[in-house]
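Grab a pencil and open the viewer. Here are some exercises to work through, each with a solution.

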Amino acid sequence: MPLPTIDLAGPTYRRDLGDGLVLRWSSLDDAEAVAAVVSDVFGAEGKPSEAERKLVLETFRPEYPHGGPTDWAVVEDTASRQLVAATALMSQTWSYDGIPLAVGRPEQVVTRAPYRRRGLIRAIFDLLHARSAARGQLMQVIDGIPYFYRQLGYEYALDVYGGPRVYWSAIDAGATKEAAEPYRLRDATPEDIPLLTRLYAREQADSLVSVVVGDDYWRWTLGGQDHTAEHGWRPLVIVDSHDGTPIGHVVLRDGYQWADANALAIPSLSVEQGVPLRAVMPSVLRALKRRLPTLSPRMTGDPPLRVLFVMGRHHPVYDALDQDLLSPGRRPYAWYVRVPDLAALVRHVAPALERRLAASHFAQQSLTQQVSFYRGMLTLRIQDGSLAEVDEQTDRRNMGPGETSGAGAGMPRDLFVQLLLGYRPIDPLRDAHPDVLASDESMDLLRVLFPKRMSRPLLVN
C-alpha cells in the first residue's frame with residue numbers, strides 16, 4: 001500500500017525498488033554523485049558534460065534560489081554505491097494574469113542506460129509530485145522531450161521560447177561610430193537590480209502566464225550564478241549616451257542556443273515607458289555585434305552568425321525591428337503542464353476569471369457551468385458574477401462511454417488545461433477535437449472565461 005503523501009515528501013523517505021536499488025531524497029553529501037550521473041547522461045560520446053556538472057553543483061549551494069541540496073529525488077544502486085537515476089524539484093513563483101502561483105519544476109531527468117525501462121523515473125516523479133503538493137504548488141511544468149511526459153500526467157499547455165533571427169551580416173556596426181551612438185550597453189551591476197526587476201515586470205505585463213523574477217533572483221544572477229556553466233543569464237543595461245541614464249535592459253544567455261549552435265540567444269529585452277523601442281534597437285544590435293569578440297564562443301557560436309530572439313511568439317521587439325532584418329527563427333516548443341487539483345487551481349485564479357466576467361455581458365449574472373471530462377466533471381457555480389463554487393469530481397465510473405451527464409460542455413481533461421492557460425481557446429479546440437462538445441450558451445461563456453492569451457515564461461533557470 002502506498003505511503004501517505006507527506007511520507008513521500010519527507011527527507012528521510014526511502015523505498016526498496018528491488019535488485020539493490022533504493023529510491024530516496026538527496027542530501028548535501030550527494031552533490032558530486034548527482035553531478036556525476038547528470039553529466040554522464042548528458043555527455044556526448046562517453047565524455048561527461050562539464051556544463052551540466054556545474055549546473056548541478058549550483059543547486060547544492062545555499063544561495064541557489066530554486067531549491068536546495070535535499071531536493072533531488074535519486075535512485076542508488078546499493079551494490080555499487082552509485083546513483084543511477086536522478087531528478088531535481090525546482091520551486092518557483094509564476095504568475096497567472098497577475099496572480100502569484102506556486103509552481104514545481106522537475107528538471108535534469110536522467111537514468112543511466114543500463115537501468116532504463118525499469119520504471120525508475122516514474123518512481124522518482126512520485127516523490128517529486130508528493131513534495132510539490134506538500135509545498136502547495138498547484139502546477140508542475142517541464143520542458144522536455146516529445147511525448148514522454150504525457151505518460152506521467154503532463155500535457156502541452158504553454159509556449160516555451162521561440163522567436164526570429166537576425167543575421168550579423170545584416171548589421172553594419174560601422175554605420176554609426178560607437179562614440180556617436182545615441183544608446184549604448186554596459187554590464188549590469190548590483191545597483192541595477194531594482195531597474196532589472198521593474199523592466200522585466202514591464203516586459204511580462206501582457207503575458208497571461210509568466211515567471212516572477214524579483215530582486216533576489218537578479219542578485220543570484222549577478223553574484224551567484226556560475227557563468228561558465230552555459231545555463232545562466234548575463235544582464236546588460238541600455239543607457240542613454242547623452243547622460244548615462246538607464247533606459248532598458250537586455251539579457252544574454254551564457255550558452256546553449258536552443259537548437260541554433262551559431263547564435264547569441266536573447267531571452268529578455270525591455271525599455272522604460274515612453275522610450276522609443278524602434279529608435280533603441282539599431283544601437284542595441286550594433287553594440288552587441290561589437291561585443292562579439294569579447295564573448296565566449298559557447299555564447300555566440302563559432303563562428304557567430306546571428307542573434308536569436310527567444311522571447312516567444314509575440315514581443316514588442318519584433319515589431320520594433322526593421323522587418324527586412326528578420327529571418328525565421330525557432331518555432332516555439334511547449335511546456336508540459338500537470339495540474340493535479342484542477343478545482344484548486346481554478347479557485348486560485350478566480351479573481352482573474354471574475355474580472356473577465358465583469359467586463360462581459362455576463363456581469364453580475366448567476367449561473368452554473370459544468371464541463372464533463374467523460375470520466376469526471378468540473379462544476380463552476382457563478383453567483384452575481386463571482387465564482388462561488390468550483391468542484392471537480394474525478395471518479396465517475398458510472399458514466400457510460402461518451403456520456404456527459406447533461407453538462408453544457410465536454411472535453412478531455414488535459415484539453416481543459418490548455419483552455420485555462422490560454423494556450424488554445426474553445427473554438428480551435430472544438431474544431432480540432434471531435435470530443436470537444438459545447439452548447440451555444442456554454443461556448444459563449446467559455447469564450448469569455450478562457451480567451452486566447454499569449455504567455456511568455458522566461459528566465460526560468
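The exercises below deal with helix packing, single-residue surroundings and unusual backbone geometry in this predicted model.

**Exercise 1. Work out how helices H5 and H6 are arranged, and which residues bring them together.**

Step 1: find the helices. H5 covers residues 193-203 and H6 covers residues 215-223.

Step 2: get the geometry. Two packed helices are described by the angle between their axes and the distance between the axes. Here the axes come within 9 Å and cross at roughly 120°.

Step 3: classify the angle. Angles from 65 to 115 degrees count as roughly perpendicular and those over 145 as roughly antiparallel. H5 and H6 are therefore oblique to each other. As for handedness, the crossing of H5 past H6 is right-handed.

Step 4: list the contacts. H5 brings Ile 193, Pro 194, Leu 196, Thr 197 and Tyr 200, and these meet Asp 215, Trp 218, Arg 219 and Leu 222 of H6. Sorted by type, the residues in the contact of H5 with H6 come out as six nonpolar, one polar and two charged.

**Exercise 2. Do the same for H11 and H14.**

Step 1: H11 spans residues 350-358 and H14 spans residues 440-449; their axes come within 8 Å and cross at roughly 120°.

Step 2: this pair is therefore oblique as well, H11 to H14.

Step 3: on the H11 side the contact uses Leu 353, Arg 356 and Leu 357, and on the H14 side Leu 445, Val 448 and Leu 449. That gives five nonpolar residues, no polar ones and one charged in the contact of H11 with H14.

**Exercise 3. Is His 315 buried or exposed, and what does its side chain make a polar contact with?**

Step 1: place the residue. His 315 sits in the loop between strand S15 (306-309) and helix H9 (316-320).

Step 2: check accessibility. The cut-off for buried is under 20%. His 315 has 4% relative accessibility, so it counts as buried.

Step 3: look for polar partners. The side chains of His 315 and Glu 203 make a polar contact at 2.7 Å. A polar atom of the His 315 side chain also lies 3.0 Å from the backbone nitrogen of Val 317.

Step 4: widen the search. Not counting residues up to four places away in sequence, His 315 touches Glu 203, Leu 269 and Arg 456.

**Exercise 4. Describe the surroundings of Gln 393.**

Step 1: Gln 393 belongs to strand S20 (residues 386-393). With 36% relative accessibility, Gln 393 counts as partly exposed.

Step 2: leave aside neighbours within four places in sequence, and Gln 393 is in contact with Gly 376 and Met 377.

Step 3: now try C-alpha atoms. Those of Gln 393 and Leu 378 are 6.5 Å apart, with the two positions 15 residues apart along the chain.

**Exercise 5. Track down the backbone oddities at Pro 303, Gln 108 and Tyr 161.**

Step 1: recall the background. Most residues other than glycine have a negative phi, and most peptide bonds are trans.

Step 2: check omega. Asp 302 and Pro 303 are joined by a cis peptide bond, with omega about 5°. Pro 303 is in the loop between helix H8 (297-300) and S15.

Step 3: check phi. Gln 108, in strand S5 (residues 99-111), has a positive phi of about 60°. Tyr 161, in the loop between strand S7 (155-160) and strand S8 (163-167), has a positive phi near 55°.

Step 4: check accessibility. Gln 108 counts as buried at 14%, and Tyr 161 counts as buried at 6%.

Notes. Residues numbered from 1 in each chain as written. Predicted model: local features only at pLDDT ≥ 70, side-chain atom pairs only at ≥ 80, totals over all residues. Heavy atoms only, no water. Axes fitted to C-alpha atoms, helices over the stretch in contact; angles between N-to-C directions. Helix = DSSP H or I, 4+ residues; strand = E, 2+ residues; numbered from the N terminus. Parallel < 35°, antiparallel > 145°, perpendicular 65-115°, else oblique. Left-handed = near helix turned anticlockwise from the far one by under 90°. Contact = heavy atoms within 4.5 Å. Nonpolar A, V, L, I, M, F, W, Y, C, P; charged D, E, K, R; others polar. Buried < 20%, exposed > 50% of the residue type's maximum accessible area, 1.4 Å probe, protein only. Polar contact = N/O pair within 3.5 Å; in protein donor to acceptor, adjacent residues only side chain to side chain.
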